[in-house]
Amino acid sequence: MTYSLTKTLLGAATAVSVLCTAAVAADWRGWNIHTEGYPNTIAMDRFAELLAEKTGGEVTLQMFHGGTLGSQPDAIEQVRLGGLEIGNFNLGPIGPIAPEANVVSLPFIFKDVPHMFRVLESDGGAAIAEGMAAKGLVPLAWYDAGARSFYNGDKPINAPADVAGMKVRVMNNDLYSGMIAELGGNPSPMAFAEVYQALKTGVVDGAENNWPSYESTGHFEVAGYYSLSQHLIIPECICVNADAYNALSDEMKTAVKEAAMESADMQRELWAEREASSRKMVEDGGVIVNVIADKGPFQSAMTPVYETYLASNPDLRPLVELIQATE
Ligand code: GTR
């Protein structure tokens with residue numbers, strides 16, 4: 001009797017442990033907009049390898065690069081809803097969903113990239129991450145996306161007056177539309193994949209992005225003036241669906257997080273190299289790089305953009321001030 005009870009209990013325990021293992025085993029699918037050889041693509045592939053290694057194969061990830069699973073705003077929704085588990089997202093198109101994360105899309109909020117990372121590693125970063133997690137997207141690590149500057153086909157941009165009347169492609173976010181409107185231009189929100197044709201056919205006059213994306217997309221071929229406004233410094237994340245992440249044991253969560261952090265270390269190194277090589281490549285290709293002597297007029301034109309954001313999110317004023325006060 002005792003023997004068979006023990007046997008039954010043991011059997012039950014085994015069944016439970018098998019069930020538990022089954023519950024944590026996960027086959028994830030991941031979205032990335034960039035193509036082969038881009039720092040983010042290499043680092044996301046490395047993340048997939050590290051995930052399998054560090055979780056002993058309990059969590060696996062199949063990456064889909066080149067935006068093959070859809071546009072970025074759609075992929076963000078997919079990861080929030082659980083249609084996909086992972087994405088390498090720019091925080092720009094996450095901002096409209098999570099107001100805390102939108103703080104990084106206030107033009108000129110960061111002094112430079114190191115300042116952005118200092119903020120992300122502080123309470124400010126924790127507030128941004130919490131805001132995202134509350135909307136179903138858990139950021140596991142932050143990637144570098146440099147600074148974004150304006151480019152167009154026919155002239156250098158030195159002052160807001162040069163943007164006046166220009167149709168400029170922006171990512172999907174009202175802050176960016178407001179930014180262009182305050183400079184006197186016409187904002188044109190559009191998916192990344194459509195920008196090359198739009199520039200080429202004159203549907204838009206200009207766009208804005210960092211060196212690697214300006215180069216990798218070929219935008220430099222059809223918009224040969226790059227003016228160093230550096231108006232936006234937007235971080236990117238490896239973001240995971242909150243339910244998928246929360247279903248993991250603590251041990252697995254740690255492993256997943258470690259894999260993401262190591263991938264981010266790699267991405268930041270590759271990013272620094274790619275910024276330099278992309279710049280060199282486009283300059284060799286004939287791009288005219290324009291240094292803006294005084295960015296002050298661009299910065300002061302952004303006051304209404306900040307006011308609109310703070311009027312809709314009065315509770316986020318301390319976060320804005322925290323970032324501005326971070327050395
Ligand atoms: C790139 C970024 C992409 C996407 C793109 C865009 O720099 O890495 O995720 O946001 O810009 O302008 O749409």
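Author: A residue is called buried when 20 or more other C-beta atoms lie within 10 Å of its own, exposed when there are 12 or fewer, and partly exposed in between. Keep that in mind as we go through this structure, which is a predicted model.

Reader: Okay, then why does Glu49 count as partly exposed?

Author: Glu49 has 13 C-beta neighbours inside 10 Å. Exposed would take 12 or fewer and buried 20 or more, so a value in between gives partly exposed. Glu49 sits in helix H2, residues 39-54. Its C-alpha is separated by 18 Å from that of Leu248, which is 199 residues away along the chain.

Reader: Staying with H2, what makes it roughly antiparallel to H12?

Author: The axes of H2 and helix H12 (residues 250-284) cross at roughly 155° and come within 8 Å. That angle makes H2 roughly antiparallel to H12, because the label applies to angles over 145 degrees. As for the hand, H2 passes H12 in a right-handed crossing.

Reader: Is there another helix pair like that? What about H7 and H14: why are they called roughly antiparallel?

Author: Helix H7 (residues 174-182) and helix H14 (residues 303-312) have axes that cross at roughly 150° and come within 9 Å. Set that against the cut-off of over 145 degrees, and H7 and H14 are therefore roughly antiparallel to each other. The crossing of H7 past H14 is right-handed.

Reader: Back to H12. How do you know whether Ser278 is buried or exposed?

Author: Count the neighbours: Ser278 has 20 inside 10 Å, so it counts as buried. The rule says 20 or more, so a count of 20 is enough. Ser278 is part of helix H12, and its C-alpha is 8.1 Å from that of Tyr214, a residue 64 positions away in sequence.

Reader: And what makes Asp205 buried?

Author: Its 21 C-beta neighbours inside 10 Å do, so Asp205 counts as buried. You'll find it in the loop between helix H8 (195-201) and strand E8 (206-209). Between the C-alpha atoms of Asp205 and Asp154 there are 8.5 Å in space, with their positions 51 residues apart along the chain.

Reader: Moving into E8, why is Glu208 called buried?

Author: Glu208 has 27 other C-beta atoms within 10 Å, and the threshold for buried is 20 or more. This residue belongs to strand E8. Measure of distance aside, Glu208 and Met190 are 18 residues apart in sequence and 12 Å apart C-alpha to C-alpha.

Reader: Which phi does Phe108 have, and what label does its neighbour count earn?

Author: The phi of Phe108 is positive, about 65°, although the residue is not a glycine. It has 18 other C-beta atoms within 10 Å and is partly exposed, because buried would need 20 or more. Phe108 is in the loop between strand E3 (86-90) and helix H4 (113-120).

Reader: What about Gln230: buried or exposed?

Author: Gln230 is buried, with 21 other C-beta atoms within 10 Å. It lies in strand E9, residues 225-232. Its phi is positive too, at about 45°, although it is not a glycine.

Reader: Last one, the ligand. How do the residues of the shell around it divide by type?

Author: They come out as four nonpolar, six polar and one charged. The shell includes Ile33, Ala145, Met171 and Phe192, and Ile, Ala, Met and Phe count as nonpolar. Glu236 is in the shell as well, and Glu counts as charged. Gln72, Asn90, Gly92, Asn209, Asn210 and Ser213 are there too; their types count as polar, Gly among them. At least three shell residues come from each of domain 1 (25-144 + 235-277) and domain 2 (148-233 + 280-325).

Definitions and conventions: Residues are numbered from 1 along each chain as its sequence is written. This is a predicted model: local features need pLDDT of at least 70, side-chain atom pairs count only at pLDDT 80 or more; totals for chains, interfaces and linings use all residues. A residue is near a molecule or strand if its C-beta atom, placed from the backbone, lies within 6 Å of it. Domain bounds come from an automatic or database domain assignment. Helices (H or I, at least four residues) and strands (E, at least two) are DSSP runs, numbered from the N terminus. Axes are lines fitted to C-alpha atoms, for helices over the stretch in contact, and angles run from 0 to 180 degrees between N-to-C directions. Angles under 35 degrees count as roughly parallel, over 145 as roughly antiparallel, 65 to 115 as roughly perpendicular and the rest as oblique. A crossing is left-handed if the near helix is turned anticlockwise from the far one by less than a right angle, and right-handed if clockwise.
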